[in-house]
Amino acid sequence: MLEVSNLACSRGDHRLFSGLNFNLHPGQIMQVQGANGSGKTSLLRTLCGFLMPDEGDIVWHGQKICELAEEYHNEILYLGHLNAIKDELSGLENLCISAGIAGIELEEKEAVTALRRMGLRGREMLPTKVLSQGQRRRVALARLLVSDAKLWILDEPLTALDVGAVALIQELIAAHLARQGMVVFTTHQPLHVAGMEMRILALS
Amino acid sequence: MKKSSMLDLLVLVIRRDLVLAMRRRADVLTTLIFFVMVVSLFPIGVGPEMDMLRKMAAGVLWVAALLASMLSLGRLFSADYLDGTLEQMMLAPQSLSMLVLGKMAAHWMSSGLPLVLMAPVLGLQYDMSMRSLGVLIVSLLLGTPVLSMMGAIGAALTLGLRGGGVLLSLLVLPLCIPVLIFGTGAVEAASSGLNIASHLSLLGALLVLALVFTPWVTAQALRISME
Amino acid sequence: MSINWFKYSAPTTFYGLAGKMIPWFAFPAAILFVIGLYMGFFVAPVDAQQGEFYRIMFIHVPTSILSMIFYLVMAGYAALGLIFNTRLSAMMASAIAPTGALFALISLWTGALWGKPMWGTWWIWDARLTSQLILFFLYLGFIALHASIDEPRRADRAAALLAIVGSVNVPIIYFSVKWWNTLHQGATIKFSGTSMQITMQHTLLTMTIACWLYAIAVVLARVRSIILERERKTEWINELPEVRL
């Protein structure tokens, strides 16, 4: 369970938000809403541990994330604006390496299955620089299929995706929540998860 | 799906970076060509008199290796920083220092090691004796990893900055001066027939110190830069 | 009587304190400078070997020693800022850097002025001067790194890490430069004999203290302007008489 209390963050001289409180339980999904520049990405990055908050605590299963460090990293999956894939490597190589860095030894067969499920059949071995924007995003999102992280922190996951891919991601999120996972995300496109009550956090 | 160990991760990172270096061979080759060019510029600049060149050889080769290393350090973290893979590495459930060590090792293998192999060939242009060339190789073998590692701290601190490579060099070159001194000292001792053991053991000591401290310091620098 | 140190660790309160402290350092510094320079150029006797030119030592030696000490002080503040996350420590480190760099530069320049009559060249590669040059580069690196990063927090912390790495390296650099110098049988700047005349010692001490006091005054003034710049959006700054115009 994720507990955030009295969180305050600033960027440079500029205070983004303060006094933020929320809890997230297994099986829950939360959307962070706000205008451009209201601090959505900063909040997500603070939840990952990249940014130090000015005030407040983030507690995971009763322990502060700054103390947990690597153990906390084990439980989260972060997908930011950048795809985090190397242009010179193929989709398959990228996925195996991403999984490896996250501590998971992935068999080639499993990786290929994941990429095919993401709609990249026939393109697994091509260097990702020849793929389209949307296809690269799909390679990045393939990590969702092979990760065993409990908390997914997704910053605009649906960018560059077509309707079919959007539906697929919604399915994956629903399955993750059904397995008692948690999701915190931001999006500029509508994202509906079947049968789930979505919590909203609005940053002003 | 099995969980991997620290050693597996180290090997994974080294292999990844080496594969990437192979696929972007231009980056690796330009460093090497720069090294060759700088070494070749000196005789053109100071005159072809063999006696003088023989005396300058150790210094010229070492300074050129130093400059070439500084140039190549820009790409240690910047590509990963720009496409987001670096922040994923910082979210790894293993120690960031280990990942950094892997990147440093791969970087040295793709930038430093070619310099070490090229240097004796260039040493012949300066009429260095066989003994000197041998010591040159050993000193570069011990010293270039230290340059890579010290430079990695600079590369981590200057991530994404406009000043880029020049700023990195400004920060790191003063810190690399001991390596330069001991490295050239060893080669000059060899060409004068003196004992080289003290110079080489000092280089070895610097290498051990760098191995122990620089990965952790670089990891901290990365965290500071990624905030 | 216990001093509440933490009260002054906030920029708000330190601003006022620093302002009050500056005259207490500036005036004694000015007085000691006058005394020291008078002693150095008129009172101290002519040196047996080096004649009149050695008098430049009275500027060279204090600035050399202090530039090294200031680097360590700067690194100390930087470390405090990194460990305890205090803004003021980082501001102090940034305030010390230009003064330290200036002292290093003066030391190099006076070393050159000394060398010309002695050795006939404008520069000699002796161990101390070379180490001083490297120290100057380390200062410049700190200032350059801080100036290159827009985001103030990242700038403070990155420069702090660099200062700490630099200060750990300084002994290694100094040792290696001494080694290099003995290997190449380089020149050394020395005073004649190991025992210095008593007046010379007094003059050196006076000048050293004068430089130190001057540096403290300047650093305090600089940190005040850094505070003004960094905290310019807060309320208390805008209440200050100097800002409200």
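In this predicted model, the contact between chains C and B draws on 24 residues from chain C and 21 residues from chain B. On the chain C side, two elements give two or more residues each: helix 4 (127-148) and helix 5 (152-183). Helix 5 of chain C does most of the work here, giving 15 residues to the side that touches chain B. Sorted by class, that side of chain C comes out as 17 nonpolar, 4 polar and 3 charged residues.

Chain B also meets chain A, and there 22 residues of chain B are in contact with 26 residues of chain A. Strand 1 (2-3), helix 1 (6-23) and helix 5 (85-90) of chain B each put at least two residues into the side that touches chain A. The class count for this side of chain B reads 8 nonpolar, 6 polar and 8 charged residues.

As for chain B itself, its make-up is 9 helices and 1 strand. The strand comes at the start of the pattern, which reads β-α-α-α-α-α-α-α-α-α along the sequence. Chain B has a radius of gyration of 18 Å, close to the 17 Å that the globule rule gives for 227 residues, so it is as compact as a globular protein of that length. Along the principal axes, the C-alpha atoms of chain B fill a box of roughly 60 × 35 × 30 Å. Some 52% of the 227 residues of chain B count as buried. Of the contacts in chain B with a separation of 6 or more, 81% link residues 24 or more positions apart.

Turning to the nonpolar interior, the largest core has 197 residues, and Leu95(A) and Leu61(B) are the ones with the most contacts inside it. Leaving aside residues up to four places away in sequence, Leu95(A) touches Leu106(A), Ala111(A), Ala114(A), Leu115(A), Val139(A), Ala142(A), Arg143(A) and Val146(A).

Chain A carries an open, antiparallel sheet of 4 strands in the order 2-1-4-5. Strand 2 (14-24) and strand 5 (63-64) of chain A sit at its edges with a single partner strand each, so one side of each is left without a neighbour in the sheet. Strand 1 (residues 2-11) of chain A pairs with strand 2 of chain A over 7 bridges, in the antiparallel sense. Within this sheet, Leu2(A) stands opposite Leu24(A), which belongs to strand 2 of chain A. Helix 1 (residues 40-48) of chain A lies across strand 1, strand 2 and strand 4 (55-60) of chain A, and runs at about 125° to strand 1 of chain A.

There is also an open sheet of 5 strands in chain A, this one with parallel pairing and the order 6-8-9-3-10. Its edges are strand 6 (76-79) and strand 10 (198-203) of chain A; each has a single partner strand, so one side of each is left without a neighbour in the sheet. From one strand to the next, the twist averages 15°. Strand 3 (residues 29-34) of chain A runs parallel to strand 10 of chain A, and 6 bridges join the two. Gly34(A) stands opposite Leu203(A) in strand 10 of chain A. Helix 8 of chain A packs on this sheet, where it touches strand 3, strand 8 and strand 9 (182-186) of chain A, and its direction makes about 145° with that of strand 9 of chain A.

The loop between strand 8 (151-155) and helix 8 (163-178) of chain A holds a backbone oddity in Ala160(A). Most residues other than glycine have a negative phi. Phi of Ala160(A), by contrast, is near 70° and thus positive. Ala160(A) counts as partly exposed, because it has 15 C-beta neighbours inside 10 Å. Chain C offers a case of its own in Asn85(C), with a positive phi of about 60° although it is not a glycine. Asn85(C) is placed in the loop between helix 2 (57-84) and helix 3 (87-119) of chain C. With 13 other C-beta atoms within 10 Å, Asn85(C) is partly exposed too.

Conventions:
Residues numbered from 1 in each chain as written. Chains lettered and ligands numbered in written order. Predicted model: local features only at pLDDT ≥ 70, side-chain atom pairs only at ≥ 80, totals over all residues. Pairing = 2+ DSSP bridges. Contact = placed C-beta atoms within 7 Å. Axes fitted to C-alpha atoms, helices over the stretch in contact; angles between N-to-C directions. Rg over C-alpha atoms; globule rule 2.2 N^0.38 Å. Buried ≥ 20, exposed ≤ 12 C-beta atoms within 10 Å, placed from the backbone. Nonpolar A, V, L, I, M, F, W, Y, C, P; charged D, E, K, R; others polar. Core = buried A, V, L, I, M, F, W, Y, C linked by C-beta atoms within 7 Å.
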